[in-house]
Amino acid sequence: METQKKIMVLCGGKFAFPTLQLLAYEKFICAIGIGKADETIVDALERESEDNHFGFKSFPSSKSIAEMRVWVESIQPDYIFCISFPFLLPESVLTYGENRFINFHPGSLPQYRGSMPIFEVLKNKETETAICAHFMSSKFDKGNIIFNDPVVIDEGDTYGKLTVKLSQRMAQVALNMANMLQFANSIPNHPQDETLACYYEKPELSDTYINWKRMSAEEIIALINACNPWNTGADATLLGEQLKIISAQVLNEMHHCQPGTLVSITETLNIACGDNKQIAVKILSCDEGIMTADQFMEVKKMELKINY
């Protein structure tokens, strides 16, 4: 009987936990490498690796990748799965074996290359994303595609909700790949279509900031959801104050106000948008903390009394 293929997993933190648990349960994992993660996560994975007799190594910086080739050769895995591993693997590591390094990218390729495709698909109001399994090359997200596994984006999905959904789906996708590798002599794959390629840099303030005049109400809601919770919320100026909007919804009521103006206050703060719609702000973050719209207005009333 043929020996089961051994898989090493390189990961970047909690996003990979469901995959690690499922692959470990199915006895595929031989070693775990983690890059640039919180110490509590590193310690937890190291303890689990020791308890299950897996190889383990932490790669806290890009410089530490120089140690990877020796470590991989000491483990001798058949395949290496990468899930949100934060560092580019150089040719010195990839030459361990042709088509042995498989990355699982949480976004469609080649349309959503980059480190944060979850933010980009939500900001762009996509209704579907994917987990893309592809062979790794010495350039980010450019190796030959094995498949794109589609994942539906539900209305109201935030960055946090979609991340959890993709993390859970990732486990099944990686398990399917591991099972496929047990029997396949070769893995069908194809080059990426560079005419469709788009690489997104890590978001900056200009990417997370609400432009009341230029953005529609739907675009603003999409941005708010894309920023929750990793950026706390979408950055905005409201009532002369810099703050972050965490939760809001479109309010289909016309207005005759300048975009960015507070139109009315109900249980929400209703803000004028450039397309003559409004958004109803439910939760926001300001200097005083994270609060509901009602709490925010109470703070503003107190400030007005003090100033008066």
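This is a short exchange about one helix and some salt bridges in a predicted model.

Trainee: Why is Arg113 called buried?

Mentor: Buried means under 20% relative accessible area. Arg113 has 4%, so it counts as buried.

Trainee: What makes Glu194 and Arg113 a salt bridge?

Mentor: The cut-off is a Lys or Arg side-chain nitrogen within 4 Å of an Asp or Glu carboxyl oxygen. Here the closest N and O atoms are 2.7 Å apart, so the pair qualifies.

Trainee: Which parts does that pair tie together?

Mentor: Glu194 lies in the loop between α6 and β9, and Arg113 in strand β6. Those parts are 81 residues apart in sequence.

Trainee: Why is Glu194 called partly exposed?

Mentor: Partly exposed runs between the 20% and 50% cut-offs. Glu194 has a relative accessible area of 47%, so it falls in that range.

Trainee: How do you know that Arg69 forms a salt bridge with Glu73?

Mentor: Their closest N and O atoms are 2.9 Å apart, so they meet the 4 Å limit. Both residues lie in helix α3, 4 residues apart, about one turn of the helix.

Trainee: Now helix α2. Which of its residues are buried?

Mentor: Ile41, Val42, Leu45 and Ser49.

Trainee: What makes them line one face of the helix?

Mentor: Seen down the axis of α2, they fall within an arc of 100 degrees, so they share one face. They pack against β1, α1, β2 and β3.

Trainee: Which exposed residues does the face turned away carry?

Mentor: Glu39, Thr40, Glu50 and Asp51.

Notes: Residues numbered from 1 in each chain as written. Predicted model: local features only at pLDDT ≥ 70, side-chain atom pairs only at ≥ 80, totals over all residues. Heavy atoms only, no water. Buried < 20%, exposed > 50% of the residue type's maximum accessible area, 1.4 Å probe, protein only. Helix = DSSP H or I, 4+ residues; strand = E, 2+ residues; numbered from the N terminus. Arc of directions from axis to C-beta. Contact = heavy atoms within 4.5 Å.
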